[in-house]
Amino acid sequence: MTRIFRSPSAYVQGRHVIDNIGEHAQTDGSRAVIIADPAVRGIVGDSIRSGLEATGLTTDFVDFGGTCTDSGIDRAAEEAEGADLVVGAGGGRTLDTAKAVAARHDTRMVTVPTIASTDAPTSSLSVVYTEEGEFEELRFHGVHPDLVLVDTAVIAAAPIRFFRSGIADAIATRFEAETAIEAGAENVFGGQSTRAARAIARECFRTVEAHGESALAAVERDAVTKNVESVVEAATLLSGIGFESGGLAAAHAVHDGLTRIEPTHDATHGEKVNIGTLTQLVLEGRDIEEFHDIVDLSLDLNLSVTLAQIGLTDPSDEQLRTIAEAACQPQETIHNEPFDVSPEAVREALVTADELARQRRNTREPG
Ligand SMILES: [Zn+2]
């Protein structure tokens, strides 16, 4: 019954905080390597470079290729040889690659998310994909970023789809953490969860429920309001700590299953996770009112609620079987549910959630 809570050492969030990255990074090393793709480099590359060089660091850029794969990590790690500080700037896949590189070289590490779409900036793990783009494994590094630096002006200017995706991931955090904690399951660190993690997971949900719609409206106009700041914190800090120190359950396992099917590859992490959340609620036999509440919230926030919305119009039996079997692999967090879960049960919960969500959406449509 050992309780374990772990987190990044520092979290700094606000408009234009990137300009002071050197000061916030607090490193006494001399060489920084910045891992980013060319598009991200065009947006924040100059600010990161001048912010680091202002404190006496030399900087080099490493181009990142798109997906977090073994070969991508090897290549970036080679170029980062001898660095004292690794900075990852971009989306989840870039940050996951940068974390893996920093862990391999045992250097200080800063994540600079440019979109609010996943928990990657704060976590100590990387989601590694195969060259074909399928989920391969969660790789645990045993260390967290020393600093998570979130520039909300950059986040608000990014495509709104990513912001929505982060909100969906934040909704899942609460349901998965609560389930894992109630089942007495181990968290990502192999310990029991803390009361702190439970409170964070709940606050994460409460924040996106209360402020998500207003924040999305602001981001639609590239505006950074107080609600945008709150929702960015929920989607990044609270969701990241909530899932790692709280625990995962069915929703992310269903997500992993969905990535095995080619037609879902254009859907974002959060879009697939939201289908996972709805599936988890059905799997757990939750009251229909609670299910409808989450569908309604999803519809208010324009999150995906049906399989068709993530590319699976009329899925075949074989596709459903592939998803369900992948979601039930022995290492999957679906086994944190407080009952035995079989592929049949997952398949049936998946199609039932899809049907229930479709029916609910129809009752809400005008006329
Ligand atoms: Zn996630």
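This report describes a zinc site, a helix and a sheet in a predicted model.

Residues are numbered from 1 along each chain as its sequence is written, and side-chain values use heavy atoms, with hydrogens and water left out. Because the model is predicted, local features need pLDDT of at least 70 and side-chain atom pairs count only at pLDDT 80 or more, while totals for chains, interfaces and linings use all residues.

**The zinc site**

The zinc ion is coordinated by Asp169 through two OD entries, by His252 (NE2) and by His269 (NE2), at 2.1 to 2.5 Å. Donors here are N, O and S atoms within 2.8 Å of the metal (3.2 Å for Na, K and Ca); water is not among the atoms, so sites may look incomplete. Along the chain the donors follow the spacing D-x82-H-x16-H. The histidine pair links distant parts of the chain, with histidine 252 in helix α9 (residues 250–258) and histidine 269 in helix α10 (residues 269–283), 17 residues apart. Helices (H or I, at least four residues) and strands (E, at least two) are DSSP runs, numbered from the N terminus.

The angles among the four donor atoms run from 54 to 143°, and the site is irregular. Four donors would count as tetrahedral if all angles lay between 85 and 135 degrees, and as square planar if opposite donors were over 155 degrees apart and all others between 65 and 115.

Histidine 252 counts as buried because its relative accessibility is 10%; buried means under 20% relative accessible area (1.4 Å probe, protein chains only).

**Helix α10**

In α10, 13 of the 15 residues are buried. The expected span, 1.5 Å times one less than the number of residues, is 21 Å, and the end C-alpha atoms are 21 Å apart, which agrees. Glycine 285, with a positive phi near 70°, follows α10.

**The sheet**

Six strands form an open sheet in the order β1-β8-β5-β4-β2-β3, with parallel pairing. β1 (10–14) and β3 (58–63) stand at the edges with a single partner strand each, so one side of each has no neighbour in the sheet. Two strands pair if DSSP finds at least two bridges between them.

The table lists bridge partners in strand β8 (residues 147–151).

| Residue | Bridge partner in β8 |
|---|---|
| alanine 10 | leucine 147 |
| glutamine 13 | valine 150 |
| valine 110 | leucine 147 |

Five of the five residues of β8 are buried, so β8 is largely enclosed by the rest of the structure. Leu147, Leu149 and Asp151 point one way from β8, and Val148 and Val150 the other way.

Note on methods: Four donors count as tetrahedral if all angles lie between 85 and 135 degrees; four count as square planar and six as octahedral if opposite donors are over 155 degrees apart and all others between 65 and 115; anything else is irregular. Buried means under 20% relative accessible area, exposed over 50%, partly exposed in between (1.4 Å probe, protein chains only).
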